[in-house]
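Me: I have a model open and want the reasoning behind its labels. Take me through them one at a time.

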Amino acid sequence: MFFVCNFLLGYLSNFFEHISEKSSEFGIVAAIFIICFLVDIWLFVLLGFIKGSSQENKYGPNPIA
C-alpha cells in the first residue's frame with residue numbers, strides 16, 4: 001500500500017503540472033492526491049512510532065524490555 005500511494009503521488013504531481021484548475025478532472029485528481037498523502041502519513045506513524053511486541057520472538061528476548 002505504501003509503495004502504491006507513493007507511486008500515485010509521483011504520477012499525480014506530474015499530472016498537476018499539465019492540468020488546469022478549471023478542468024473537470026482537477027477535483028478528482030486533487031482528492032486522490034490528498035487521500036494518498038494521508039495514507040502515507042498514517043503508514044509513517046504506524047510503522048515508525050507505534051511500539052512493537054515486547055515478547056520473545058525467533059531472534060531471542062527483547063533487549064529493551
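Me: What makes Phe-44 and Phe-49 exposed rather than buried?
Reply: This is a predicted model. Exposed means over 50% relative accessible area. Both Phe-44 and Phe-49 carry that label, so each is over the cut-off.

Me: Why is the pair Phe-44 and Phe-49 called edge-to-face?
Reply: Two values decide this. The ring centres are 5.6 Å apart, and centres within 6.5 Å count as a pair. The planes stand at 80°, and over 60 degrees counts as edge-to-face. Therefore the label holds on both counts. A search of the whole structure finds one aromatic pair.

Me: How do you know that the length of α2 fits a helix of 25 residues?
Reply: The expected span is 1.5 Å times one less than the number of residues. For α2 that gives 36 Å. The end C-alpha atoms of α2 are 36 Å apart, so the two values agree.

Me: Why is Gly-10 called partly exposed?
Reply: Its relative accessible area is 39%. Buried needs under 20%, and exposed needs over 50%. The value for Gly-10 falls in between, so partly exposed is the right term. Gly-10 lies in helix α1. Gly-10 and Phe-33 are 23 residues apart in sequence, with their C-alpha atoms 9.4 Å apart in space.

Me: What makes Cys-5, Leu-9, Cys-36, Val-39 and Leu-43 a nonpolar core?
Reply: A core takes buried residues of listed types, Cys, Leu and Val among them, joined through side-chain atoms within 4.5 Å. These five meet that test, so they count as a core, the largest one here. Both α1 (2-17) and α2 (25-49) give two or more residues to this core. The most come from α2, with three.

Me: Which residues does Leu-9 touch beyond four places away in sequence?
Reply: Phe-33, Cys-36, Phe-37 and Asp-40.

Me: Which residues of α2 are buried?
Reply: Val-29, Ala-30, Cys-36, Val-39, Asp-40 and Leu-43. Across the 65 residues of the protein chain, 17% count as buried.

Terms used:
Residues numbered from 1 in each chain as written. Predicted model: local features only at pLDDT ≥ 70, side-chain atom pairs only at ≥ 80, totals over all residues. Heavy atoms only, no water. Buried < 20%, exposed > 50% of the residue type's maximum accessible area, 1.4 Å probe, protein only. Helix = DSSP H or I, 4+ residues; strand = E, 2+ residues; numbered from the N terminus. Contact = heavy atoms within 4.5 Å. Phe/Tyr/Trp six-rings, centres within 6.5 Å; stacked < 30°, edge-to-face > 60°.
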